[in-house]
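Please look over the sequence and the model shown below before reading on. The paragraphs that follow go through some of its helix contacts and then turn to its strands.

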Amino acid sequence: MNAPTPLTAMRPDPAAGAAPDLLAWEFIRTLVAFDTTSRESNLALIDWVREHLESHGAECTLTFDDEKRKANLFATLPARDGNRTTGGIVLSGHTDVVPVDGQPWDTNPFEATPIGDKVYGRGVTDMKSFTATGLAFVPELLRRGLARPVHFALSYDEEIGCIGVRRLIDDIGRRGVRPLGCIVGEPTGMELVVAHKGKKGWRCRVRGHEAHSSLTPLGVNAVQIACEIVTYLTNMARAFRDHGPRDDAYDVPYTTVHTGVIRGGTALNIVPRDCQFDFEIRHLPFDDPDELFAEVRAYAQRFLPEMHEVATGAFIEFDLLSSLPGFDTHGESDIAQLGQACNGTHDHRKVSFGAEASLFHNATIPTIICGPGHIAQAHQPNEWVTVDQLARCEAFMRRLADRVCLA
Ligand SMILES: [Zn+2]
């Protein structure tokens with residue numbers, strides 16, 4: 001990933017500070033100004049959006065987290081014939097952003113700042129601009145009259161595992177809302193994405209037995225056993241890379257396996273008792289992560305007899321950390337066709353990062369992903385999006401309006 005360009009290194013731009021010529025500009029500014037870092041409440045933003053939508057006659061439903069500190073907002077702009085439930089289009093965006101802690105920002109991250117041909121701010125790419133653009137089009141949609149309902153689905157806690165949206169999806173299912181499809185505005189460079197990989201993460205905890213390092217046979221070395229399992233995972237990753245299966249529509253066209261964190265041991269002269277590591281499998285929709293995990297666990301269990309010969313309390317245990325299914329919407333589906341018409345292309349692609357898309361998809365709401373900006377700028381200090389991407393998002397929304405409104 002490229003290091004972000006420090007703004008201070010840029011030549012002063014005469015256009016710096018000028019508001020970009022965008023219908024959604026004030027909405028982008030407003031949404032970015034709410035600090036909706038996942039650990040914070042998002043209610044101020046939700047209330048603001050709700051007021052905006054209700055003032056235009058939208059019907060809003062909130063679903064809360066257990067502490068009532070955060071909420072999802074599901075809003076419906078009814079069709080002209082009063083239809084609120086069937087055949088509508090969902091515009092979906094998460095409201096939370098990742099932390100800016102410890103990141104070297106050159107602007108206030110919670111103030112959308114135009115400099116040259118870019119706008120800087122936390123969430124300008126991931127992913128407040130898409131939501132802002134949708135909101136900016138509400139008056140036009142209503143003025144023209146809707147042939148089918150348009151819904152907004154704004155969620156909390158996406159960045160910490162797509163937590164919040166699950167309640168929103170349950171709720172709309174219970175209430176009999178049956179949309180034609182959903183557009184998730186995660187950053188894809190405004191390219192149409194019809195699939196993303198699934199992801200499952202685990203923690204492996206190896207408990208060995210401590211001993212003086214001059215007496216290694218009296219100990220069980222948890223670090224070494226953990227490393228053998230990590231190596232097994234690495235070989236699994238190599239096998240996918242070299243032998244597939246492959247789907248070349250993906251940026252990384254095969255299932256990947258990766259160990260991201262490892263911790264073990266206390267001193268060189270002690271046989272380490274404990275070691276733990278976190279690993280994930282990002283899989284193509286047709287690879288079964290549970291089957292792969294079963295292989296890993298079976299491999300790990302081979303070590304247990306020799307561990308138990310030395311220490312009966314030794315163990316290897318796995319905890320599931322996170323799980324997000326993959327999805328693959330057929331390129332010929334109605335929603336994919338609509339997406340193609342709205343961004344004026346017949347191309348579509350598939351991505352390796354997870355999103356709420358699969359959760360909508362699994363709830364039988366066909367889903368695509370298309371939004372301004374690029375995932376490489378997400379989560380970075382000096383997160384930016386080009387004004388051109390924002391303009392392309394507005395063009396997309398304008399064509400969508402043509403297709404959901406009566407002539
Ligand atoms: Zn996102």
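**Helices that meet H11**

In this predicted model, helix H9 (residues 334-343) packs against helix H11 (residues 387-404) at an angle of about 125°, and the axes of the two helices lie 8 Å apart. Angles from 65 to 115 degrees count as roughly perpendicular and those over 145 as roughly antiparallel, so H9 is described as oblique to H11. The crossing of these two helices is right-handed. On the side of H9 the contact is made by Leu338, Gly339, Ala341, Cys342 and Asn343, while H11 contributes Ala395, Phe396, Arg399, Leu400 and Arg403. Sorted by character, the residues in this contact of H9 with H11 comprise six nonpolar, two polar and two charged.

H11 also meets helix H3 (residues 128-136): the axes of H3 and H11 come within 10 Å and cross at roughly 40°. Angles under 35 degrees would count as roughly parallel, and H3 and H11 are therefore oblique to each other. H3 passes H11 in a right-handed crossing. Here the contact is formed by Ser129, Phe130, Thr133 and Gly134 from H3, together with Leu390, Cys393, Glu394 and Met397 from H11. The residues of the contact between H3 and H11 divide into four nonpolar, three polar and one charged.

**A sheet of three strands**

Turning from helices to strands, the reader can find an open sheet in which three strands follow the order S4-S5-S18, with antiparallel pairing. Strand S4 (113-115) and strand S18 (384-386) are its edge strands, each of which pairs on one side only. From one strand to the next, the twist averages 30°. Three bridges link S4 to strand S5 (residues 118-120) in the antiparallel sense, and among the paired positions, Pro114 has Val119 in S5 as its bridge partner.

**Strand S13 and its partners**

How many residues of strand S13 (residues 274-283) are buried? Seven of its 10 residues are, so S13 is largely enclosed by the rest of the structure. Strand S9 (residues 198-207) runs antiparallel to S13 and is joined to S13 by 10 bridges; in this part of the model, Trp202 stands opposite Phe279 of S13. Strand S11 (residues 256-264) pairs with S13 as well, again in the antiparallel sense, over eight bridges, and Arg263 has Gln276 in S13 as its bridge partner. When following such strands by eye, it helps to recall that in a regular strand the side chains alternate between the two faces of the sheet.

Note on methods:
Residues are numbered from 1 along each chain as its sequence is written. This is a predicted model: local features need pLDDT of at least 70, side-chain atom pairs count only at pLDDT 80 or more; totals for chains, interfaces and linings use all residues. Side-chain values use heavy atoms; hydrogens and water are left out. Axes are lines fitted to C-alpha atoms, for helices over the stretch in contact, and angles run from 0 to 180 degrees between N-to-C directions. Helices (H or I, at least four residues) and strands (E, at least two) are DSSP runs, numbered from the N terminus. A crossing is left-handed if the near helix is turned anticlockwise from the far one by less than a right angle, and right-handed if clockwise. Contact means heavy atoms within 4.5 Å. Ala, Val, Leu, Ile, Met, Phe, Trp, Tyr, Cys and Pro count as nonpolar, Asp, Glu, Lys and Arg as charged, and the others, Gly among them, as polar. Two strands pair if DSSP finds at least two bridges between them. Buried means under 20% relative accessible area, exposed over 50%, partly exposed in between (1.4 Å probe, protein chains only).
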